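The following exercises ask the reader to work from a coordinate model to reasoned statements about its fold. Each task is followed by a solution in steps.

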Amino acid sequence: MPDTPPEPAPVILGDEPGSFPHSVLAERHPAILRQVGEAFPYDPERRAGLDALLASCADGAIEPLPDAADPADRRRWAEWGTDRYAGRSWFDVPWLWAESHFYRRLLDAVGYFGPGPWQGVDPFRPAKLAELGSPETDEELAALDDLAGLPAEERTRALLHGSLWGNRADLGFRLSGNGARTEDRVRALVADDSDVLWSLLPPSAPGTPVPATLCLVADNAGRELVPDLLLVAHLLAEGRIGRAVLHVKPHPYYVSDATPADVLDALRRLVAAGGAAASYGEGLWTALTDGRVTVRVHPFSCAPLPYADMPGDLRAEFASATVTVLKGDLNYRRLVGDRYWPPTTPFADVTGYFPGPVAALRTLKSDVITGLTARTEAALEASGERRWRTSGTHALIQVRG
């Protein structure tokens, strides 16, 4: 752990036209509202709520949660920033905060928190289920049968890459196979600390108790959650972990973030798939019933804040884990701080506050980045790929042991 943390870099805002954060606030959020409105036969009251939020995104100001919101949630959001940011433009507050507040207000608009017939209805569920039932998911699950004949170490590497790339799991399997070219892996992975991760989770001898606990903070549902579950099942079966805690969101968030219902959908998808996928799914089903795998939700998982501000109970839980793995771009932003860090800022320095060993598995889909070597940064900047930070064509595995 460093003696002193690095000097904070500028917080990412959405106020610069042409920037990626600005496009999310000005273009993506209105598109999401329209898609949600088309996905359900909402009544006039819900449609009026969506229309009001759409108008607010375009030229309005941030508002506190409505008076009808749960008092405890109103207090949390007041502490998290609505007391400071209410009345200001969406574009003039931290981008992470503005995004998170948008999704919370969307749930209010569609009546998710009730009371009423729309209480608890996930506005993003149709898209999640469509992806989970797609032919591409069939192909990715069928590819698991080809992994069965590989040595355990290669299967472990393949499933790690499957989890890393999410819905590009086919690429993960290809990159991890014997036929992958080293230079392809280097170009795709801008940082790779996987050896450090495995040193924290060594395999145990058969019949030996496994004390290691993995906390996996999940990202997206559907085709991205399935590889996460496969990785957990494999680590249990190979004796690298004895227990896993899967952290998901307590309610729908960021369109596709996983909730407990999404975990069950993905698990059923595995069990029904046949072949190796079903074996993994049945192993997970058993592990859930006997307590080796637990699903955890915490209000802070939907907070508009970095993990540096996590509450004490969550800090204690992560401190007790052998390693905490945070999946995806949003969790990375929250882990290192959603700031314009110089890319060579050491990952260990910006995560020194974290209460135990921590790893990030992330496909790059936003501007924030740390932990690059000067050589890697120079190569990326010289590549001519202007959007390497946000296009999802690069990924990283970073670990602070």
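**Exercise 1. Cysteines**

How many disulfides does the structure hold? Account for the result with C57 and C302.

Solution. The model is a predicted one.

Step 1. The count of disulfides in the structure is zero.

Step 2. A disulfide requires two cysteine sulfur atoms within 2.5 Å. For C57, the closest cysteine sulfur belongs to C302 and lies 18 Å away, so the distance is too far for a bond.

Step 3. For C302, the closest cysteine sulfur is that of C215, at 17 Å, which is again too far for a bond.

Step 4. Residues under 20% relative accessible area are classed as buried. C57 has a relative accessible area of 5% and is buried; C302, at 4%, is buried as well.

**Exercise 2. Overall form**

Describe the protein as a whole, from its secondary structure to its surface.

Solution.

Step 1. The protein contains 18 helices and seven strands. Its radius of gyration is 21 Å, close to the 21 Å that the globule rule gives for 401 residues, so the protein is as compact as a globular protein of that length.

Step 2. Along the principal axes, the C-alpha atoms occupy a box of roughly 60 × 50 × 40 Å.

Step 3. Buried residues make up 52% of the 401. Of the contacts between residues at least 6 apart in sequence, 76% connect residues at least 24 apart.

Step 4. The exposed area is about 16,900 Å², and 53% of it comes from carbon and sulfur atoms.

Step 5. The protein carries 40 positive and 54 negative charges, and the mean positions of the two sets are 1 Å apart.

**Exercise 3. Backbone exceptions**

Which peptide bond is cis, and what sign does phi take at Y254 and at V255?

Solution.

Step 1. The background is that most residues other than glycine have a negative phi, and most peptide bonds are trans.

Step 2. The bond from G114 to P115 is cis, its omega being near 0 degrees. P115 belongs to the loop between helix 4 (95-109) and helix 5 (125-132).

Step 3. Y254, although not a glycine, has a positive phi of about 45 degrees. V255, likewise a residue other than glycine, has a positive phi near 65 degrees.

Step 4. Y254 sits in the loop between strand 3 (243-248) and helix 13 (260-273), and V255 is placed in the loop between strand 3 and helix 13.

Step 5. The accessibility classes are then assigned: Y254 is buried at 11%, whereas V255 is partly exposed at 27% relative accessibility.

**Exercise 4. Surroundings of four residues**

For V358, D367, R155 and S56, establish the location, the accessibility and the contacts beyond four places in sequence.

Solution.

Step 1. V358 is part of strand 6 (residues 358-363) and is buried, with 0% relative accessibility. Its contacts outside its neighbours within four places in sequence are V323, T324, L326, L335, F347, T351, Q398, V399 and R400. Although V358 and L197 are separated by 161 residues in sequence, their C-alpha atoms are 8.9 Å apart.

Step 2. D367 is located in the loop between strand 6 and helix 18 (374-382). Its relative accessible area of 16% makes D367 buried. Beyond its neighbours within four places in sequence, D367 contacts I12, F20, P21, Y340, R389 and T390. A separation of 33 Å is found between the C-alpha atoms of D367 and A69, which are 298 residues apart along the chain.

Step 3. R155 occurs in helix 8 (residues 152-165) and counts as buried at 16% relative accessibility. With residues up to four places away left out, R155 touches L147, A148, L150, H234 and E238. H234 is 79 residues from R155 in sequence, and their C-alpha atoms are 8.5 Å apart.

Step 4. S56 lies in helix 2 (residues 44-59) and is buried, at a relative accessible area of 14%. Not counting residues up to four places away in sequence, S56 touches A61 and W90.

Definitions and conventions. Residues numbered from 1 in each chain as written. Predicted model: local features only at pLDDT ≥ 70, side-chain atom pairs only at ≥ 80, totals over all residues. Heavy atoms only, no water. Helix = DSSP H or I, 4+ residues; strand = E, 2+ residues; numbered from the N terminus. Buried < 20%, exposed > 50% of the residue type's maximum accessible area, 1.4 Å probe, protein only. Rg over C-alpha atoms; globule rule 2.2 N^0.38 Å. Contact = heavy atoms within 4.5 Å. Areas by Shrake-Rupley, 256 points an atom, 1.4 Å probe, with all protein chains shown as cover. Lys, Arg positive; Asp, Glu negative; His and termini not counted. Charge placed at Lys NZ, Arg CZ, Asp CG, Glu CD.
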